[in-house]
Amino acid sequence: ADVRGYAGGIRPGSSHAAHGPGCAAVFNAGSGYGGVGGTGCYNYVASAGGPVYGNSNYPVAPGSGARAGNGPGVFNGTFGGGSVQIRASDTCTVHGRITANALGGYADYAPGASGGGIYIRCKTFIGSSNGLLQANGGGSGYGPVFPGGPGGGGRIAVWRINDLSESAISTAADPGARYGITGGVGTIVWGRLPSAGTIVSFH
């Protein structure tokens, strides 16, 4: 689900604003989701990145698109990471890659979009050493005066009763990073579901 989230901003346009609740309010700042968007710079003033949103335990929302950069040229903002949702009544086995990564700003001054969401709920989760769950924020373009802010990391949550994963399975919800500027790190939740017939007693 790479680059399948909220759309980026259109340029030329009156505001260059992007879609999604994590879109930054100011030019050149990155979008947020699991982590805040990276700081940008506009007219020599630092501009805060977009906010976090969504639910870390139930990350079904996609990542937010990036605003269109304010540098020279006509470049639209990039798309956020999409939403992957797996609800299996029995076993979910991951031997390959499940990714919901955002795209970084591909031109000078352009900010990055935020990573998307991956939500898995099953009875038994199996991840091999080749398995990868990833929801990275997009990096940013850079200009000598107004650097763009990278996108924040997305959200990943895996809920299961049994876990037969190999220890080498990797999960990441990292922020985009470029030129020493980063967005906020996203969230990762490894949750345990109660097995059938579990009794909870309150005293």
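Begin by selecting Cys92, Val94, Ile98, Ile118, Ile120, Phe125 and Leu133. These residues have the most contacts inside the largest nonpolar core, a group of 13 residues. Strands S4 (91–94), S6 and S8 each give two or more residues to this core, and S6 supplies the largest share, namely four residues. In general terms, nonpolar side chains tend to be buried together in soluble globular proteins. The model on the screen is a predicted one.

**Cys92 and its surroundings**

Keep Cys92 selected and display the residues around it. Apart from its neighbours within four places in sequence, Cys92 is in contact with Ile86, Ile120, Cys122, Thr124, Phe125 and Ile126. A second core, separate from the one above, has five residues, and Tyr119, Trp159, Val189 and Leu193 are among them.

**The whole chain**

Now zoom out and colour the chain by secondary structure. The chain contains twelve strands and zero helices. Of its 203 residues, 52% count as buried. Among contacts between residues at least 6 apart in sequence, 74% join residues at least 24 apart.

Next, colour the chain by confidence. The mean pLDDT is 85, and 82% of the residues reach 70 or more. Of the elements, S3 has the highest mean pLDDT, 97, whereas strand S9 (residues 170–172) has the lowest, 55.

**Strand S6 and its partners**

Select residues 117–127, which form strand S6. Is this strand enclosed or open? Eight of its eleven residues are buried, so S6 is largely enclosed by the rest of the structure.

Three partners of S6 may be visited in turn:

- Strand S3 (83–87) runs parallel to S6 and is joined to it by five bridges. To locate this pairing, select Val84 and its bridge partner in S6, Ile118.
- Strand S4 also pairs with S6 in the parallel sense, over four bridges. Here Thr91 stands opposite Thr124 of S6.
- Strand S8 (residues 155–163) is parallel to S6 as well, with eight bridges between them. Cys122 stands opposite Arg160 of S8 in this pairing.

**From S8 to S12**

Stay with S8 and add residues 187–192, which form strand S12. The two strands run parallel and are joined by six bridges. Trp159 has Gly191 as its bridge partner in S12. Rotate S12 to compare its faces: Thr187, Val189 and Gly191 form the covered face, while Ile188, Trp190 and Arg192 form the uncovered one.

**The salt bridge**

Return to Arg160 and select Asp163 with it. Side chains of opposite charge can pair when their charged atoms come close. How far apart are the closest N and O atoms of Asp163 and Arg160? They are 2.7 Å apart, and the two residues form a salt bridge. The structure holds one salt bridge. Its two residues may also be described by accessibility: Arg160 counts as buried because its relative accessibility is 7%, whereas Asp163, at 24%, counts as partly exposed.

**The aromatic pairs**

Display the aromatic side chains. A pair of aromatic rings is described by the distance of the centres and the angle of the planes. The structure holds three aromatic pairs, and two of them are visited here.

Select Tyr33 and Tyr53 for one of these pairs. Their ring centres lie 4.5 Å apart and their planes meet at 25°, so the pair is stacked. Tyr33 belongs to the segment before S1, and Tyr53 to the loop between strand S2 (45–47) and S3; the pair, 20 residues apart, links distant parts of the chain. Both tyrosines are buried.

Then select Tyr58 and Tyr119, an edge-to-face pair whose centres are 4.9 Å apart and whose planes are at 75°. Because Tyr58 lies in the loop between S2 and S3 and Tyr119 in S6, this pair ties together parts that are 61 residues apart in sequence. Tyr119, at 4% relative accessibility, counts as buried, while Tyr58, at 39%, counts as partly exposed.

**A last stop at Val3**

Finally, select Val3, which is in the segment before strand S1 (40–42). Most residues other than glycine have a negative phi. Val3 is not a glycine, yet its phi is positive, about 55°. Its relative accessibility of 26% means that Val3 counts as partly exposed.

Key
Residues are numbered from 1 along each chain as its sequence is written. This is a predicted model: local features need pLDDT of at least 70, side-chain atom pairs count only at pLDDT 80 or more; totals for chains, interfaces and linings use all residues. Side-chain values use heavy atoms; hydrogens and water are left out. Buried means under 20% relative accessible area, exposed over 50%, partly exposed in between (1.4 Å probe, protein chains only). Two strands pair if DSSP finds at least two bridges between them. Rings of Phe, Tyr and Trp (its six-membered ring) pair if their centres lie within 6.5 Å; planes under 30 degrees apart count as stacked, over 60 as edge-to-face and the rest as tilted. A nonpolar core is a set of buried Ala, Val, Leu, Ile, Met, Phe, Trp, Tyr and Cys residues joined through side-chain atoms within 4.5 Å. Contact means heavy atoms within 4.5 Å. A salt bridge is a side-chain nitrogen of Lys or Arg within 4 Å of a carboxyl oxygen of Asp or Glu. pLDDT is the predictor's confidence in each residue, from 0 to 100.
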